[in-house]
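The following exercises concern packing, burial and backbone geometry in a protein model. Each task is followed by a solution in steps.

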Amino acid sequence: MRRAGRAAGAALTAEGRFMRALGPGSVSSFLKIILDVVYGALWIGVVAVSLLVLAALLFSFNPSLLDDVSLSSAQLASRWPAMTGGLFAAALYMAGVLLIVGRLRRIFMTLTAGDPFHPDNVGRLRLIGAILAALELGRYAFWGIGAWLLTGVDKARPTFSLTAWFSVLVVFVLAEVFREGARLRREAELTI
Amino acid sequence: MPIRVQLDRVLFERRMSLTELADRVGVTIANLSILKTGKARAVRFSTLAALCRELECQPGDLLAYEAGPSDEPEDEP
């Protein structure tokens with residue numbers, strides 16, 4: 001009996017530890033680590049893709065720089081513009097995701113500071129929703145331009161992603177929830 | 001705000017300072033100043049009860065309604 005009670009107490013303690021909202025061992029601290037890792041990885045990715053774009057631009061102007069590569073200069077000259085365009089689109093996409101993660105990190109900072117309904121978070125969430133929508137539209141534009149300029153791309157048409165648009169809707173709804181939260185916070189501040 | 005707080009007048013009548021009232025009620029001077037200057041958006045019943053207890057008055061002595069335009073703050077964009 002005593003052992004069972006002790007076990008239940010341990011479970012409660014363990015549950016209490018895992019259900020913490022803030023501080024070490026909480027879900028938010030785990031999410032913060034993920035956001036930090038993703039943010040760092042994205043920066044590395046953006047820098048790498050930007051360097052590749054620069055290199056591709058350089059080689060597209062002067063394909064003879066790659067004479068040592070097994071591909072011929074003519075082949076390279078025909079492929080570099082497409083590759084440069086693809087890399088440029090990838091850089092734009094990563095920059096968009098970087099902006100989203102950056103705003104999420106700032107929202108998280110307000111959460112860890114104990115002030116999640118800060119008025120600035122409304123604008124941040126709206127920006128995240130707008131970037132998500134722009135990224136999705138950019139995907140269609142990328143495929144449209146690719147199909148128009150390049151042959152053979154038309155076989156791989158972009159699918160209409162309902163999930164992406166649903167995500168945009170969710171973020172905008174959350175932004176409105178935060179707007180109301182910010183209003184309530186302001187009222188609570190002036191409630192004596 | 002059409003509700004006017006008359007804390008100044010009641011304090012003057014009781015010859016009591018804001019600091020003393022803050023000590024008695026258990027509300028910070030900063031919050032009482034917000035209340036006194038009419039910047040408060042709401043008053044908790046518990047605060048109102050404590051003010052009435054210490055100032056020996058009724059809520060009506062502290063609050064007055066004056067018809068006029070409501071100055072509700074605009075929602076943030």
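**Exercise 1. Determine whether Thr110(A) is buried or exposed, and describe its surroundings.**

Solution. Thr110(A) has a relative accessible area of 12% and is therefore buried; the term buried applies under 20% relative accessible area, exposed over 50% and partly exposed in between, with a 1.4 Å probe and protein chains only. The model is predicted: local features need pLDDT of at least 70, side-chain atom pairs count only at pLDDT 80 or more, and totals for chains, interfaces and linings use all residues. Residues are numbered from 1 along each chain as its sequence is written, chains are lettered from A and ligands numbered from 1 in the order in which they are written, and side-chain values use heavy atoms, with hydrogens and water left out.

Step 1. Locate the residue: Thr110(A) belongs to helix α3 (residues 73-112) of chain A. Helices (H or I, at least four residues) and strands (E, at least two) are DSSP runs, numbered from the N terminus.

Step 2. List its contacts, meaning heavy atoms within 4.5 Å. With neighbours within four places in sequence left aside, Thr110(A) touches Asp115(A), Pro116(A), His118(A), Asn121(A) and Arg124(A).

Step 3. Examine the side chain: Thr110(A) and Asn121(A) are joined through their side chains by a polar contact of 2.8 Å. A polar contact is a pair of N or O atoms within 3.5 Å; within protein, one must be able to donate a hydrogen and the other to accept it, and residues adjacent in sequence count only if both atoms are side-chain atoms.

**Exercise 2. Describe how helices α4 and α5 of chain A pack, and place them in the chain.**

Solution. Step 1. Chain A comprises 5 helices and 0 strands, in the order α-α-α-α-α along the sequence.

Step 2. Two packed helices are described by the angle between their axes and the distance between the axes. Axes are lines fitted to C-alpha atoms, for helices over the stretch in contact, and angles run from 0 to 180 degrees between N-to-C directions. For α4 (residues 119-149) and α5 (residues 162-189) of chain A, the angle is about 170° and the axes are 8 Å apart. α4(A) is therefore roughly antiparallel to α5(A); angles under 35 degrees count as roughly parallel, over 145 as roughly antiparallel, 65 to 115 as roughly perpendicular and the rest as oblique.

Step 3. The contact of α4(A) with α5(A) consists of 18 nonpolar, 3 polar and 5 charged residues. Ala, Val, Leu, Ile, Met, Phe, Trp, Tyr, Cys and Pro count as nonpolar, Asp, Glu, Lys and Arg as charged, and the others, Gly among them, as polar.

**Exercise 3. State at what angle α2 and α4 of chain B cross, and which residues meet there.**

Solution. Step 1. The axes of α2 (residues 18-25) and α4 (residues 45-55) of chain B come within 10 Å and cross at roughly 120°. α2(B) and α4(B) are therefore oblique to each other.

Step 2. From α2(B), Leu21(B), Arg24(B) and Val25(B) meet Ala50(B), Leu51(B), Arg53(B), Glu54(B) and Leu55(B) of α4(B). This contact between α2(B) and α4(B) includes 5 nonpolar, no polar and 3 charged residues.

Step 3. Consider Glu54(B), which is buried at a relative accessible area of 19%. Its side chain makes a polar contact of 3.0 Å with the side chain of Arg53(B).

Step 4. The buried residues of α4(B), Glu54(B) being one of them, pack against α1, α2, α3 (29-36), α5 and β2 (63-65) of chain B.

**Exercise 4. Identify where Arg15(B) and Glu56(B) lie, given that each has a positive phi although neither is a glycine.**

Solution. Step 1. Most residues other than glycine have a negative phi, and most peptide bonds are trans.

Step 2. Arg15(B), with a phi of about 55°, is in the loop between α1 (7-14) and α2 of chain B. Arg15(B) is exposed, its relative accessible area being 64%. A polar atom of its side chain lies 2.5 Å from the backbone oxygen of Phe12(B).

Step 3. Glu56(B), with a phi of about 50°, follows α4(B) and lies in the loop between α4 and α5 (59-62) of chain B. Glu56(B) is exposed, with a relative accessible area of 67%.
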